[in-house]
Number of protein chains: 4
Amino acid sequence: MEVKLLSHTPEPERVVATAARLCYASQAAEEVWAGFTPEKQQEFIGKLVNYGHYSPFEHVVFTFAVTGVSRSLSHQLVRHRIASYSQRSQRYINEAAFAVVMPPTVDADPAARAEFNRIIGQIQEGYNRLIALGIPKEDARYLLPNACQTQLMMTMNARSLLHFFSLRCCRRAQWEIRELAWKIRREAVKVAPLLFREAGPACLAQGKCAEGAMTCGRPYTREDVDTEDD
Amino acid sequence: MEVKLLSHTPEPERVVATAARLCYASQAAEEVWAGFTPEKQQEFIGKLVNYGHYSPFEHVVFTFAVTGVSRSLSHQLVRHRIASYSQRSQRYINEAAFAVVMPPTVDADPAARAEFNRIIGQIQEGYNRLIALGIPKEDARYLLPNACQTQLMMTMNARSLLHFFSLRCCRRAQWEIRELAWKIRREAVKVAPLLFREAGPACLAQGKCAEGAMTCGRPYTREDVDTEDD
Amino acid sequence: MEVKLLSHTPEPERVVATAARLCYASQAAEEVWAGFTPEKQQEFIGKLVNYGHYSPFEHVVFTFAVTGVSRSLSHQLVRHRIASYSQRSQRYINEAAFAVVMPPTVDADPAARAEFNRIIGQIQEGYNRLIALGIPKEDARYLLPNACQTQLMMTMNARSLLHFFSLRCCRRAQWEIRELAWKIRREAVKVAPLLFREAGPACLAQGKCAEGAMTCGRPYTREDVDTEDD
Amino acid sequence: MEVKLLSHTPEPERVVATAARLCYASQAAEEVWAGFTPEKQQEFIGKLVNYGHYSPFEHVVFTFAVTGVSRSLSHQLVRHRIASYSQRSQRYINEAAFAVVMPPTVDADPAARAEFNRIIGQIQEGYNRLIALGIPKEDARYLLPNACQTQLMMTMNARSLLHFFSLRCCRRAQWEIRELAWKIRREAVKVAPLLFREAGPACLAQGKCAEGAMTCGRPYTREDVDTEDD
């Protein structure tokens, strides 16, 4: 899995701070914008996080290129509706040489790994035979497994990202999307530390588990975050 | 594939007509509601369609149970973001006895059909072996094919349905989601003919193909609609 | 202010329970639907609330007719984007006899009330004079005050309603929209007690204030809810 | 009215072209990105517009500071839900010296203009008296007129902007929001000509009026666009 921040709103923290300040200020937006020193941005965004006022976070977006993830993951991911996606199409691309994502539990067990690889090999053969028989790509793909690697571009605004992190950085999230969430978080923190420093699973970001009776019982600490970021 | 209308806003045409009328009427909403005879509803909704004013269509929703569709289809379907979905989870359900969707092009070619079935059989075996080896269901499912049948509930408002039909009833849509779109349309027309009678692919509903240079060149006629509805 | 529940998804609790159950059940949706006794619905929805799994709540919607609210309120209200609105148009309706919402603080102070009424009278005169001079309604309305009463229909799904309540039932919300939120909640609880019994401001529903440093310091109790509902 | 493009996704055309290409290409996103010369971007985006494939347009956003518009306009504007807004708050800002938007029809008629100004003066007095009497700003504002100037920041993605233009650049749109739409379009075209050159009212962009029986009968020409842009 590889996550690359392809593009983002320039000066995202200044944009968020300006949007927030505008609501309570008598100056014009440009003046507010011009007057925001980094220190003032920090102070102001700290207040927003403290008050739980996240709507100004919507004004900045982050576009990620995500490669080497499974179709299981992408099916889950696109359920996050406040986001935009463009994904490699199995209807139009010949998947003769598709790569796969192997789950760690499978990888760790030699018998399971062998069986997994054997079946993947069978699927690859089957797909190619169907293509050779003249079956359209969009129909031959019905054989392709969830493990099949895909590639996509995702654009999310910072508020939607915070929500994504709160659900998907959680220890109870499925392992692949959890790995994705932490990788996305790492890229986001690099370019907008004020916006994302406090982001993460609900236990960390809101100080309260959101899983109710299903809680894992092991709330994240700051140190855990550093570990995930390694 | 089976589509069942599980629930919908009662008296959907009256709700839409009332919402629309409210914008221009000096009476209270309840009076508008009470005063709408079926004839007046028909006249009023006809005007909305004629003027292209579809926002009142948002007030009514339709909930469908969809079974026997592939995961290819569901991955495409959930890209329609102005809708709500609940879907059978491959993480939590044992798919030892999964059923599949076979594309018509595969079904029509004996060699392809045999190969397709052989591979599906291999996958089924592989999935079961991984489970037997103690691999969690959420990881064994990485072997499951796009063809794997799923089941879901989908709720869409009438405006979003019109958009869905305009894209997915189109001859250029992928065959499985196109079949779904026509089946959903048929159910919707039964309970809300005034809202959906004119619905369909862009060629039919807007009188203008939306595929530009990719047009199929065979615009739908009213008779074609009857055929799809058989 | 008057709030009337004009329409809603029939058997909303059964719809939500079915959607939730579908994700983990091997039966078909219709069987799940058929098998849900009221007791099982209660048990199942209790779990959803307990686990914080609210996506099945999206499948049911509630349509309210709201009258006698100000344009201040409606401007705030339509900021809730996961909802549908149809609103009385000041562009097309002659507002010669507009009614107003008087804030309680104004009403409680005789001098303020007199001044308020005097200005409203002036505005009414001015509006009518502009109309008499041939100014179009859509331009004469530029004189109309925020206090001007409007009427609207709003449709929200249950998940969006929970969010609306968590923000707008809060003691820190503006008084008029707070009154609206409690009235809407009361109507919703009547027809879907299992869905909305626990709904309310964050202090009540999530057991944790969402206003951070701006907290009012007086978390709602069950008794407070009964008072609001009087 | 003043519209300033405060921020936007850098290289918006390259982002859109990359997102679109990704769906059909076997290369990695970064390679696609790196390989896009301006000529290829132009060719590719031309195809998207030609085929009506606008989903890649969602990946780029534009943030505008809008000042000197009325609250009538902002109430209409925020009905566009696929967008983010931050707006000057009348709850928290003292509006003692509020400025107004005067409709052109009022401005053009000396008697109407005088009456308009007289009433605005009365409102200003009334507002200040309520404040002097200790009425909170959030309640005194109930007297403020629709004409009252506001300021806001709006972020929209390019697809949502195209929809906004198709509705609001139309001759049948209300004059103030129509002026805003053309001003926003002008700013957008400057930084992303490939994305917005063909944008505008439905008559221009889709070659087909969307107002049905309410059509103005005067479809826009390219020359009309130049005039609006003066």
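This report describes how chain A meets chain D and chain B in a predicted model.

The model as a whole scores ipTM 0.95 and pTM 0.97, and chain A averages a pLDDT of 95, with 100% of its residues scoring at least 70.

The contact between chain D and chain A takes 36 residues from chain D and 36 residues from chain A. On the side of chain D that touches chain A, at least two residues each are supplied by strand 1 (2-8), helix 1 (12-22), helix 2 (29-35), strand 2 (61-70), strand 3 (84-87) and strand 4 (149-157) of chain D. Helix 1 of chain D provides the largest share of this side, namely five residues.

In the contact between chain B and chain A, 35 residues of chain B meet 35 residues of chain A. Here the elements of chain B that each supply at least two residues to the side touching chain A are helix 4 (71-77), helix 5 (104-107), helix 6 (110-132) and helix 7 (137-140). Helix 6 of chain B gives the most to that side, with ten residues.

The table sets out the make-up of the side that each partner turns to chain A.

| Side touching chain A | Nonpolar | Polar | Charged |
|---|---|---|---|
| Chain D | 17 nonpolar residues | 15 polar residues | four charged residues |
| Chain B | 18 nonpolar residues | eight polar residues | nine charged residues |

Taken by element, then, helix 1 heads the contribution of chain D to its contact with chain A, while helix 6 heads the contribution of chain B to its own contact with chain A.

Definitions and conventions. Residues numbered from 1 in each chain as written. Chains lettered and ligands numbered in written order. Predicted model: local features only at pLDDT ≥ 70, side-chain atom pairs only at ≥ 80, totals over all residues. Contact = placed C-beta atoms within 7 Å. Helix = DSSP H or I, 4+ residues; strand = E, 2+ residues; numbered from the N terminus. Nonpolar A, V, L, I, M, F, W, Y, C, P; charged D, E, K, R; others polar. pLDDT = per-residue confidence, 0-100.
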